[in-house]
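Trainee: I'd like a close look at one part of this structure, please: the sheet and what packs around it. Take me through it slowly, as if we were both leaning over the screen.

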Amino acid sequence: AARPGGMKLIIHDRGFNVFGEDLGFTKSHQVLVSIGPGKGKEASKTLIDSGIVTNMNMIPGDTDPINPSGLRLGTPELTRIGMKESEMDDVAVFFERALIKHETPKKIKDDVKDFRRDYQELHYCYTKGFRGYDYHPLV
């Protein structure tokens with residue numbers, strides 16, 4: 001069963017400062033995490049070295065776009081390769097290992113490769129025969 005807040009709540013439960021907690025998080029595919037003053041770039045590099053792609057991102061109060069304090073995470077690529085909410089728990093553990101527990105990026109990267117082995121096919125939300133580029137009126 002889906003938990004309200006989705007990936008935001010899962011990442012929050014692992015010890016990350018996720019924006020929107022006081023609002024029950026958002027239902028968006030975007031997650032904005034405060035990492036610490038000027039630590040977004042460093043955190044993004046650590047995650048890249050661990051086999052995880054994110055974006056460093058400015059957060060409210062930041063003034064230096066080169067050294068922001070946050071990370072922007074998104075779930076579209078994960079869902080595109082077939083992951084669901086249960087896999088988000090595993091993904092959150094990789095973030096925790098890299099940025100909170102400070103485990104060796106090489107070990108995490110090897111584990112990410114192993115985890116991702118079963119997610120090689122693209123999945124889309126359209127059913128067979130659905131023409132995605134046709135005009136579909138909004139109801």
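Mentor: Let's settle one term before anything else: two strands pair if DSSP finds at least two bridges between them. And keep in mind that this is a predicted model.

Here's the setting. The protein has 5 helices and 4 strands, and from the N terminus its elements run α-β-β-α-β-β-α-α-α. Those strands form an open sheet of 4 with the order β1-β2-β4-β3 and antiparallel pairing. At the edges sit β1 (17-18) and β3 (55-57), each of them pairing on one side only.

Now walk across the sheet. Starting at the β1 edge, β1 and β2 run antiparallel and are joined by 2 bridges. One pairing to find here is N17, whose bridge partner in β2 is S34. Next come β2 and β4, which pair in the antiparallel sense over 5 bridges. Look for V31, which stands opposite L73 in β4, and then for V33, which stands opposite L71 in β4. Last, β3 and β4 also run antiparallel, joined by 3 bridges, and there N57 stands opposite G70 in β4.

Stay with S34 for a moment, as that residue ties several pieces together. S34 lies in strand β2. It counts as buried because its relative accessible area is 18%, and the cut-off for buried is under 20%. Leaving out neighbours within four places in sequence, S34 is in contact with N17, F19, I59, S69 and G70. You've met N17 already as the bridge partner of S34, and G70 as the residue that N57 stands opposite.

Just past the end of β4, look at T75, which is placed in the loop between β4 and α3. T75 counts as buried too, because its relative accessibility is 15% and buried means under 20%. Its C-alpha atom is separated by 5.5 Å from that of H29, though the two residues are 46 apart along the chain.

A different loop has a comparable tale to tell. G82 is found in the loop between α3 (76-80) and α4. Along the sequence, G82 and L122 are 40 residues apart, yet their C-alpha atoms are 6.9 Å apart in space. Neighbours within four places aside, G82 is in contact with Y119 and H123. For the protein as a whole, 58% of the contacts with a separation of 6 or more are between residues 24 or more positions apart.

Now for what packs on the strands. Helix α2 lies across β3 and β4, running at about 45° to β4. That helix, residues 40-49, also meets α4, residues 85-99: their axes come within 10 Å and cross at roughly 115°. The crossing is right-handed. On the α2 side the contact is made by A43, T46 and L47, and on the α4 side by F95, A98 and L99. Sorted by class, that makes 5 nonpolar, 1 polar and no charged residues.

F95 leads us straight into the interior. In the largest nonpolar core, which has 25 residues, I11, M83 and F95 touch the most other members. Two or more residues come from each of α1 (6-13), β2 (30-34), α2, β4 (70-74), α4 and α5 (105-116). Of these, α4 gives the most, with 7 residues.

To see how the sheet joins in, click on I11. Not counting residues up to four places away in sequence, I11 touches F16, V18, V33, L73, A92 and F95. Two of those names should ring a bell from the β2 and β4 pairing: V33 is the one opposite L71, and L73 is the one opposite V31. F95, meanwhile, takes part in the contact of α2 with α4. As a last bit of context for all this packing, 34% of the 139 residues of the protein count as buried.

Technical notes: Residues are numbered from 1 along each chain as its sequence is written. This is a predicted model: local features need pLDDT of at least 70, side-chain atom pairs count only at pLDDT 80 or more; totals for chains, interfaces and linings use all residues. Side-chain values use heavy atoms; hydrogens and water are left out. Axes are lines fitted to C-alpha atoms, for helices over the stretch in contact, and angles run from 0 to 180 degrees between N-to-C directions. A crossing is left-handed if the near helix is turned anticlockwise from the far one by less than a right angle, and right-handed if clockwise. Contact means heavy atoms within 4.5 Å. Ala, Val, Leu, Ile, Met, Phe, Trp, Tyr, Cys and Pro count as nonpolar, Asp, Glu, Lys and Arg as charged, and the others, Gly among them, as polar. A nonpolar core is a set of buried Ala, Val, Leu, Ile, Met, Phe, Trp, Tyr and Cys residues joined through side-chain atoms within 4.5 Å. Buried means under 20% relative accessible area, exposed over 50%, partly exposed in between (1.4 Å probe, protein chains only).
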